[in-house]
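Visitor: I'd like to go through this one slowly and ask how each label was earned. Could you bring it up?

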Amino acid sequence: MFDELMNIVIEEEKKQKKIVETINQMEFPYRNILYKVYIQGKTLVRVADEMGYSYVQICRSHGTALNKFDEIEDVI
């Protein structure tokens, strides 16, 4: 039972590391948006405020960032 749980934890840590590595490969502002939302746990409203963009701009850029993330993931 303990070994199974440890294997699950190790696999999840590997996934998290891969996600962070992929985000780090992205260009500004997409890298910052995804990092703030998915690593720091901030809302899109908060990200828009911090980056000096409108909420609508951040929503659009967030969608683009997710598409770019998927493109990088496909290559890896």
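Guide: Sure, and keep in mind that this is a predicted model. Let's start at Lys36, which touches Gly41, Lys42, Val47, Glu50 and Met51 once residues up to four places away in sequence are set aside.

Visitor: And where does Lys36 sit?

Guide: Lys36 is part of helix α2, which covers residues 30-39.

Visitor: Why is Lys36 called buried?

Guide: Its relative accessibility is 18%, and buried means under 20%. So Lys36 counts as buried.

Visitor: What makes Lys36 and Glu50 a salt bridge?

Guide: Their side chains come to 2.9 Å, N to O. The rule asks for a Lys or Arg side-chain nitrogen within 4 Å of a carboxyl oxygen of Asp or Glu, so the pair of Lys36 and Glu50 makes the cut at 2.9 Å. This pair also links distant parts of the chain: Lys36 is in α2, Glu50 is in helix α3 (residues 44-51), and they are 14 residues apart.

Visitor: Is Glu50 buried or exposed, or something in between?

Guide: In between. Glu50 has 33% relative accessibility, and partly exposed is the label between 20% and 50%, so partly exposed is what Glu50 gets.

Visitor: Which other salt bridges does Glu50 form?

Guide: One is with Lys42, where the closest N and O atoms are 2.9 Å apart. Another is with Arg46, at 3.2 Å from N to O. Against the 4 Å limit, both pairs pass. Arg46 and Glu50 share helix α3 and sit four residues apart, about one turn of the helix.

Visitor: What makes Lys36, Lys42, Arg46 and Glu50 one network?

Guide: Salt bridges that share partners join them. Glu50 has a bridge to Lys36, a bridge to Lys42 and a bridge to Arg46. For the chain, the count comes to five salt bridges.

Visitor: How do you know that Lys42 and Arg46 are partly exposed?

Guide: Lys42 has a relative accessibility of 26% and Arg46 has 48%. Buried would need under 20% and exposed over 50%, so Lys42 counts as partly exposed, and so does Arg46.

Visitor: Back to α2. Which of its residues are buried?

Guide: Tyr30, Ile33, Leu34, Lys36 and Val37.

Visitor: How do you know that the buried residues of α2 line one face of the helix?

Guide: Look down the axis of α2: the buried residues fall within an arc of 165 degrees, so they line one face.

Visitor: And which residues are buried in α3?

Guide: Leu44, Val47, Ala48 and Met51. Their arc around the axis is only 100 degrees, which puts them on the same side of α3. Val45 and Asp49 are exposed on the other side.

Visitor: What comes after each of these helices?

Guide: A glycine with positive phi in each case: Gly41 follows α2, with phi near 75 degrees, and Gly52 follows α3, also with phi near 75 degrees.

Visitor: Which residues form the nonpolar patch on the surface?

Guide: Ile19, Tyr35, Tyr38, Ile39 and Leu66, with about 410 Å² of accessible area together. The largest share, three residues, comes from α2.

Visitor: What makes Tyr35 eligible for the patch?

Guide: Tyr35 has a relative accessible area of 33%, and patch residues need over 30%, so Tyr35 clears that bar. The value also makes Tyr35 partly exposed.

Visitor: Let's zoom out. How many helices and strands does the chain have?

Guide: Four helices and zero strands, so the pattern along the sequence reads α-α-α-α.

Visitor: How does the radius of gyration of the chain stand against a compact globule?

Guide: A compact globule of 76 residues would come out near 11 Å, but the chain has 15 Å. Along the principal axes, its C-alpha atoms fill a box of roughly 50 × 25 × 15 Å.

Visitor: And how much of the chain counts as buried?

Guide: 25% of the 76 residues. The accessible surface is about 5,600 Å², with 53% of it belonging to carbon and sulfur atoms.

Note on methods
Residues are numbered from 1 along each chain as its sequence is written. This is a predicted model: local features need pLDDT of at least 70, side-chain atom pairs count only at pLDDT 80 or more; totals for chains, interfaces and linings use all residues. Side-chain values use heavy atoms; hydrogens and water are left out. Helices (H or I, at least four residues) and strands (E, at least two) are DSSP runs, numbered from the N terminus. Buried means under 20% relative accessible area, exposed over 50%, partly exposed in between (1.4 Å probe, protein chains only). Contact means heavy atoms within 4.5 Å. Patches are made of residues with over 30% relative accessible area and no salt bridge: like charges are joined within 9 Å, nonpolar side chains (Val, Leu, Ile, Met, Phe, Trp, Tyr) within 5 Å. Accessible areas come from the Shrake-Rupley method with a 1.4 Å probe; for residues, only the protein chains shown count as cover. The arc is that of the directions from the helix axis to the C-beta atoms. The radius of gyration is taken over C-alpha atoms; the globule rule is 2.2 Å times the number of residues to the power 0.38.
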